[in-house]
Amino acid sequence: VQLQASGGGLVQPGGSLRLSCAASARVYSINVMAWYRQAPGKQRELVASITSGGNTNYADSVKGRFTISRDNPKNTVSVQMNNLKPDDTAVYYCYATIATSAVNPYYPYWGQGTQVTVSS
């Protein structure tokens, strides 16, 4: 199973970006999907998560600016990031807990990371 992230880039403060992540084939079920980020010299932190039932959770620093969503049939997760700030600059990673069959447990998987830079 692979998670393929896309949508990063350079944006000015106050701008918007949308990150997307798709799980490859061989997915039986996905439980939690999420976005994490890691800025230089800092630990990786949770940005937002969403369960299969649609329950969401956000870091305080992004509440009201970021919106996470998922498309269960397509096994994708996205995050719409508005009013971006320089402090949002980081490598963003998608994350999911995935079962590859009905008898397998859920395992954590990470995407490859995509750079988001907020700068004027």
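# Exercises on the core, an open sheet and R37

Of the 31 residues in the largest nonpolar core, those touching the most other members are W35, F66, M81 and Y92. A nonpolar core is a set of buried Ala, Val, Leu, Ile, Met, Phe, Trp, Tyr and Cys residues joined through side-chain atoms within 4.5 Å. This is a predicted model, where local features need pLDDT of at least 70, side-chain atom pairs count only at pLDDT 80 or more, and totals for chains, interfaces and linings use all residues. Residues are numbered from 1 along each chain as its sequence is written, and side-chain values use heavy atoms, leaving out hydrogens and water.

**Exercise 1.** Find which strand (a DSSP run of E, at least two residues) supplies the largest share of this core.

Solution. Strands that each supply at least two residues include β4 (29-38), β5 (45-50) and β9 (90-99). The largest share, five residues, comes from β9.

**Exercise 2.** Work out the strand order of the open sheet of four strands.

Solution. Strands pair if DSSP finds at least two bridges between them. β3 (residues 17-23) and β8 (residues 76-81) pair in the antiparallel sense over six bridges. L17 stands opposite M81 in β8. The edge strands, pairing on one side only, are β1 (3-6) and β7 (66-71). The order is β1-β3-β8-β7.

**Exercise 3.** Decide whether R37 is buried or exposed, and list its side-chain polar contacts with E45 and Y92.

Solution. R37 lies in β4. Its relative accessibility is 6%, so R37 counts as buried (under 20%; exposed is over 50%, partly exposed in between, with a 1.4 Å probe and protein chains only). A polar contact is a pair of N or O atoms within 3.5 Å, one able to donate a hydrogen and the other to accept it. The R37 side chain makes one of 2.7 Å with the side chain of E45 and one of 2.9 Å with that of Y92.
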